[in-house]
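Let's take a walk through this one together, a piece at a time. Have the sequence and the 3D view open and follow along.

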Amino acid sequence: MIKWNNMENIEQSQEKKLTTISSLIAQIQSDANNYLDSQLKKFGLSEITTSHGYILFILSKNKNTETQKLEPMTMKEISKRIDKNKSTMTVLIDKLLKYGYIIREKNNTDTRYSYISLSEKGKSFIPEMERISKELSEKFYNGFSEDEKKTVFYLLDKILSNFN
């Protein structure tokens, strides 16, 4: 096990593994997506990808703060949360509609917008989505102290904010 006490050990590890922070982040994302895909398949959701799963997860967390009831979202809101363009969102949403995981309702006052919400079938997977999310977080932070978790999150968030 490498001790991360000094920059020399970090630099040696980087030379042995990946050469840049972006390649390390890309590898983590790839591994996380592979894990999520395997979990979705294990639960019988082989027809959807991690992007579909992420949409379902976002919809499952969009609750009214007072009533704790799930609230619909516009495609634009979902698109912003998962950082996908309109045409990609349309394809993802159409597939979730096809398999019955979500419902699309037209906005009566502004027909340019429609609302997306979980169907009963989609809602039935909420406990499984929460389990998968919890297990993924446990995988990410295995062996980390609480301070290390906060530091990693803070630093990655700081890198992300540099792009915004």
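S38 is partly exposed, since its relative accessible area is 36%, and that value falls between the cut-offs of 20% for buried and 50% for exposed. Keep in mind that this is a predicted model. You'll find S38 in helix α2, which covers residues 21–42. If you step 11 residues along the sequence from S38 you get to T49, and the C-alpha atoms of the two sit 9.9 Å apart in space.

Now move along to helix α4, residues 75–82. Which of the residues in α4 are buried? They are M75, I78, S79 and I82. Look down the axis and you'll see that these residues lie on the same side of α4, because they cover an arc of only 100° around that axis. Turn to the other side of α4 and you meet K76 and K80, both exposed.

So what do the buried residues of α4 pack against? Quite a list: α3 (50–61), β1 (73–74), α5, β2 (102–106) and β3 (114–118). Let's pick out α5 from that list and then come back to the strands.

Two packed helices are described by the angle between their axes and the distance between the axes. Here, the axes of α4 and α5 (residues 86–98) come within 10 Å and cross at roughly 110°. That makes the two helices roughly perpendicular, because angles from 65 to 115 degrees are counted that way. On the α4 side, M75, I78, S79 and I82 make the contact, and they meet M89, T90, L92 and I93 of α5. Sort the residues of this contact by type and you get 6 nonpolar, 2 polar and no charged. M75, I78, S79 and I82 should look familiar, as they are the buried residues of α4 from a moment ago. Just after α4 comes D83, and its phi is positive, near 60°.

Back to the strands. Strands of a sheet pair through backbone hydrogen bonds, either parallel or antiparallel. In this model, 3 strands make an open sheet, ordered β1-β3-β2, and the pairing is antiparallel. β1 and β2 are the edge strands, each pairing on one side only. Between β2 and β3, which run antiparallel, there are 5 bridges. If you want one pair to look at, try K106, whose bridge partner in β3 is S114. And that ties back to α4, whose buried residues pack against β1, β2 and β3, among other elements.

Definitions and conventions
Residues are numbered from 1 along each chain as its sequence is written. This is a predicted model: local features need pLDDT of at least 70, side-chain atom pairs count only at pLDDT 80 or more; totals for chains, interfaces and linings use all residues. Side-chain values use heavy atoms; hydrogens and water are left out. Axes are lines fitted to C-alpha atoms, for helices over the stretch in contact, and angles run from 0 to 180 degrees between N-to-C directions. Helices (H or I, at least four residues) and strands (E, at least two) are DSSP runs, numbered from the N terminus. Angles under 35 degrees count as roughly parallel, over 145 as roughly antiparallel, 65 to 115 as roughly perpendicular and the rest as oblique. Contact means heavy atoms within 4.5 Å. Ala, Val, Leu, Ile, Met, Phe, Trp, Tyr, Cys and Pro count as nonpolar, Asp, Glu, Lys and Arg as charged, and the others, Gly among them, as polar. Buried means under 20% relative accessible area, exposed over 50%, partly exposed in between (1.4 Å probe, protein chains only). The arc is that of the directions from the helix axis to the C-beta atoms. Two strands pair if DSSP finds at least two bridges between them.
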